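Trainee: I am new to this structure. Please take one spot, look at it closely, and then work outward to what surrounds it.

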Amino acid sequence: MKKTIIVMPVANEEATMGAVLEEVMQLPYDNLYIYPVIDSYSKDRTEEIIHEMEKKYNRIKMIFHKESKGVITCYLHGFKMALADGAEQIIEMDGGGSHLPKEIPQFIEKLEEGYDCVWGSRFTAGGDISNHPLYRRILSSGGTTLSNLVLGTKLKDMTSGFEGFQRKVLENMDLDAFLSLGHMYQTEMRFYCRNMKTIEVPIHYIGSQSSIKMKSVTEALRLLFQLKKNEENVMRKNS
């Protein structure tokens, strides 16, 4: 297997952090590494737990992102660190238990088959969501429908955060140019990768009862149409 690094932004995950890292390390891959990315927002024992796991496993490396502006900048910073350390394949996943480590092998399998991007999908055959309020499910599925309509994409899930990339995908991407710092990031990433060789794999997403602010929804809508406008401007310039 090619060198694969999991980028895992974490904050205030002391209840799940140790178990998630342990489960990933038990997967049958000697060339699989984890980069938990943490920032000053985390106030509990998460950082301490990661350091304890670093001592136990030399394939875990904590990244502290001191210039963080939120979880999305932690993702992007983690990508840069993984590329700098020679990752040939990069997987992005959550460290709070919403993404299941046992589903990592299907991402590795598809990357090894040569797909540029592997998207985790809650809405494809075999995918599922549990422990999530109905309105959050409606927002996710409705967001996918609207994104496909506006952006011309054809994925079954445009907002999932469990995904895998070949090195060249992130290496050739301007990681400092993302418009979104929040929920719209996953859609933006899929839009930028729309012409690549991609595939969706089913995931079982373990949700939470946390609420989502209306401000986040309106910001996502604004960015969605900004992406469309930017694309139209590029096409106009090239015509």
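Mentor: Start with His65. Leaving out residues up to four places away in sequence, His65 touches Val37, Ile38, Asp39, Thr73, Cys74 and His77. Bear in mind that this is a predicted model. Where is His65 placed? His65 sits in the loop between S3 and H3. Is His65 buried or exposed? Its relative accessibility is 9%, so His65 counts as buried; the cut-off for buried is under 20%.

Now step out to the sheet. Seven strands make up an open sheet, and its order is S3-S2-S1-S4-S7-S5-S8. The pairing in this sheet is mixed. Strand S3 (63–64) and strand S8 (198–202) are at the edges. Each has a single partner strand, so one side of each has no neighbour in the sheet. As a rule, strands of a sheet pair through backbone hydrogen bonds, either parallel or antiparallel.

Next comes H3, the helix after the His65 loop. H3 lies across S1 (4–9), S2, S3, S4 and S7. Against S1, H3 runs at about 160°. Helix H7 packs on the sheet too, where H7 touches S4, S5 and S7. The direction of H7 makes about 35° with that of S7.

These two helices also meet each other. H3 (residues 71–84) and H7 (residues 185–192) pack at an angle of about 40°. Their axes are 11 Å apart. H3 and H7 are therefore oblique to each other. Which residues meet? From H3 come Ile72, Tyr75, Leu76 and Phe79. From H7 come Tyr185, Gln186 and Met189. The residues of this contact split into 6 nonpolar and 1 polar, with no charged.

Strand S7 deserves a closer look, as both H3 and H7 reach it. S7 covers residues 163–166. Glu163 and Phe165 point one way from S7, while Gly164 and Gln166 point the other way. All four of these residues are buried. What does S7 pair with? S4 (residues 89–92) pairs with S7 in the antiparallel sense, over 4 bridges. There, Ile90 stands opposite Phe165. S5 (residues 117–121) also pairs with S7 in the antiparallel sense, over 3 bridges. Here Val118 stands opposite Gly164, and Cys117 has Phe165 as its bridge partner.

Two more helices round off the tour. Take H2, residues 46–56. Thr46, Ile49, Ile50 and Met53 are buried in H2. Seen down the axis of H2, these buried residues fall within an arc of 100°, so they line one face of the helix. What do they pack against? The buried residues of H2 pack against helix H1 (17–25) and strand S2 (32–38).

Then there is H4, residues 104–112. Its buried residues are Ile104, Phe107, Ile108, Lys110 and Leu111. Down the axis of H4, they fall within an arc of 165°, so they too line one face of the helix. After H4 comes Gly114. The phi of Gly114 is positive, near 110°.

To return to the starting point: His65 is in the loop between S3 and H3. On one side of that loop is S3, which stands at an edge of the sheet. On the other is H3, which lies across five strands, S1, S2, S3, S4 and S7.

Note on methods: Residues are numbered from 1 along each chain as its sequence is written. This is a predicted model: local features need pLDDT of at least 70, side-chain atom pairs count only at pLDDT 80 or more; totals for chains, interfaces and linings use all residues. Side-chain values use heavy atoms; hydrogens and water are left out. Buried means under 20% relative accessible area, exposed over 50%, partly exposed in between (1.4 Å probe, protein chains only). The arc is that of the directions from the helix axis to the C-beta atoms. Contact means heavy atoms within 4.5 Å. Two strands pair if DSSP finds at least two bridges between them. Axes are lines fitted to C-alpha atoms, for helices over the stretch in contact, and angles run from 0 to 180 degrees between N-to-C directions. Angles under 35 degrees count as roughly parallel, over 145 as roughly antiparallel, 65 to 115 as roughly perpendicular and the rest as oblique. Ala, Val, Leu, Ile, Met, Phe, Trp, Tyr, Cys and Pro count as nonpolar, Asp, Glu, Lys and Arg as charged, and the others, Gly among them, as polar.
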